[in-house]
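Me: I'd like to go through a few of the labels used for this protein and hear the reasoning behind each one. Could you take me through them?

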Amino acid sequence: MTSRNPRDSRLRLVRPRNLAAAPRAAVTQRRRPAPRPPEGTPPPAELARMARAGLADAARVARWADAALHPGRGGTSSDDKGTLSAATAERAAAELGLTPDQVRHDWDTARLAGLVEVHGDTARPGWRLRAWNRDDSAVLRGWVALFDAWSLAHPEPADRAPATVAEVVSAMPQVLSFLQLSAGPVPVEQLLDLLQQRVTELRTERCEIPFGPQPERLADTDEPEAGPDDTPLAPLLDWALHALASVGALTYGDGQATLTPLGSWAVWVKLEQICVAAQSPAGNIEVSAEDMLRGCAQLRPNAARAEYRAWLAARPVGSAVTELIDAARGEDALLRGLAFEALRVVGAPAEPDVHAVVDETPLRPYALLWLAEHDGADPEEAHEVLTRDEATWLWVDTAAAIADHGEAPLLVRHLESAVQATVPALLQEVRAVGHPRTVQVLVALAAAHPDPALAKAVRRAAFQVHTGGS
């Protein structure tokens, strides 16, 4: 498809290929049958109806903000936490027939459920709000996001040790699992016993054993000295159950707690995610993001996405996103591309971190493509958001990944994804963008290409970049 004369060489203009979609070694997997929810779980449409009802007030405030405020502005304060400003809360209260406190509560709920997305003092409607009336899965994802944030939805006791509060939050999944397995009301005393056992296990796992001689107790008192582990857990369990009740996950009263249908379904979903993580297709669950991405390098796209989901399910989203972006900052271009593929699996929770790296030159093209697709751009057209230089940088970066990990024919085919119409134009612009791997990429391309004239031109370009000549 190329001429002997490099000046006449034409390159087909096609969408840049995603490196993760390149052919890789086949991986044989045993498909796990689709899990079925516990008997008695309402169908998804009914669960979505319940979620819409529970989040109706939050959706109402989010829609008001979308219609009443300037585009892209949410009337938030400048605390970078998305707190609704006093003036906006007063205005919303007057127009919606609510109190300012109710407006603030519904606004906070909308943020936690992803109905509103806040960046500093700028707010915009979340994609879930746009799909609220037509997409049951978007509604259920929004409710699960609120369920995951239950400890933020209800203020924690101010007079309790933060370390103990954190232990209770970490122990509550086991309490919720017990409630889900019980499938009915459970006395609070029984839940308190379970909570105390789990907190003790957490402390034991951290090896919190006093070191050195311990002070003797005073003989004239029967009261033990208060220590950091002596905080009563009953008030914290009461707070946790009230918080979970406030998001609609359970009912709490008369000394007992019962999961709602939504709460029972959400706990089952979380348990299934843990099972998926435990049955990781390629066994990369417990490794770092960089090692996981290297383990996924030879997987086909669908198998790689399954591995990303399993890896993500086994750790907090925030730390997982940080690990993936750190891996993308490394020298291996293949890991850079795969890291952003994994971030696509993360979805909306990764958006602030992806925004934060837009100004980092090596990550900028990947971040811009990610953000464009996240905002609804067709993946086939998302590359149009890149400037010519950004597209060229991405072309070189992808070529570097292929040169390091791929085969010669794939590097030759990579020419077809360049935005330049001719090989000379490509070489000129590749030299201009200043990618640190330019010389290695051109040398590898020259060695791989079957056209002697074109290979000679590419070698000459590599030499000129190396020597700084023209």
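Reply: Happy to; this is a predicted model, and below we take a few labels in turn.

Me: Why is V441 called buried?

Reply: Buried means under 20% relative accessible area. V441 has 2% relative accessibility, so it counts as buried. You'll find V441 in helix α21, residues 438-448. A399 is 42 residues away from V441 in sequence, yet their C-alpha atoms are 6.3 Å apart in space.

Me: What makes E381 partly exposed?

Reply: The label partly exposed covers what lies between the 20% and 50% cut-offs. E381 comes out at 45% relative accessibility, and therefore counts as partly exposed. Its place is in the loop between α17 (364-374) and α18 (388-405).

Me: Which residues gather with E381 in a patch of negative charge?

Reply: D378, E380 and E384 join E381 in that patch on the surface. Asp and Glu count as negative, so the charge label fits these residues. Patch members need over 30% relative accessible area, and E381, at 45%, meets that cut-off.

Me: How do you know that β4 pairs with β5?

Reply: Two strands pair if there are at least two bridges between them. Four bridges join β4 to β5 (residues 256-259), so the pair qualifies, and the two run antiparallel. One of the bridge partners is L259 in β5, matched with L250.

Me: Why do β3 and β4 stand at the edges?

Reply: The open sheet has three strands in the order β3-β5-β4, with antiparallel pairing. β3 (186-187) and β4 (250-253) each have a single partner strand, so one side of each is left without a neighbour in the sheet.

Technical notes. Residues are numbered from 1 along each chain as its sequence is written. This is a predicted model: local features need pLDDT of at least 70, side-chain atom pairs count only at pLDDT 80 or more; totals for chains, interfaces and linings use all residues. Side-chain values use heavy atoms; hydrogens and water are left out. Patches are made of residues with over 30% relative accessible area and no salt bridge: like charges are joined within 9 Å, nonpolar side chains (Val, Leu, Ile, Met, Phe, Trp, Tyr) within 5 Å. Accessible areas come from the Shrake-Rupley method with a 1.4 Å probe; for residues, only the protein chains shown count as cover. A salt bridge is a side-chain nitrogen of Lys or Arg within 4 Å of a carboxyl oxygen of Asp or Glu. The place of a charge is taken as NZ of Lys, CZ of Arg, CG of Asp or CD of Glu. Buried means under 20% relative accessible area, exposed over 50%, partly exposed in between (1.4 Å probe, protein chains only).
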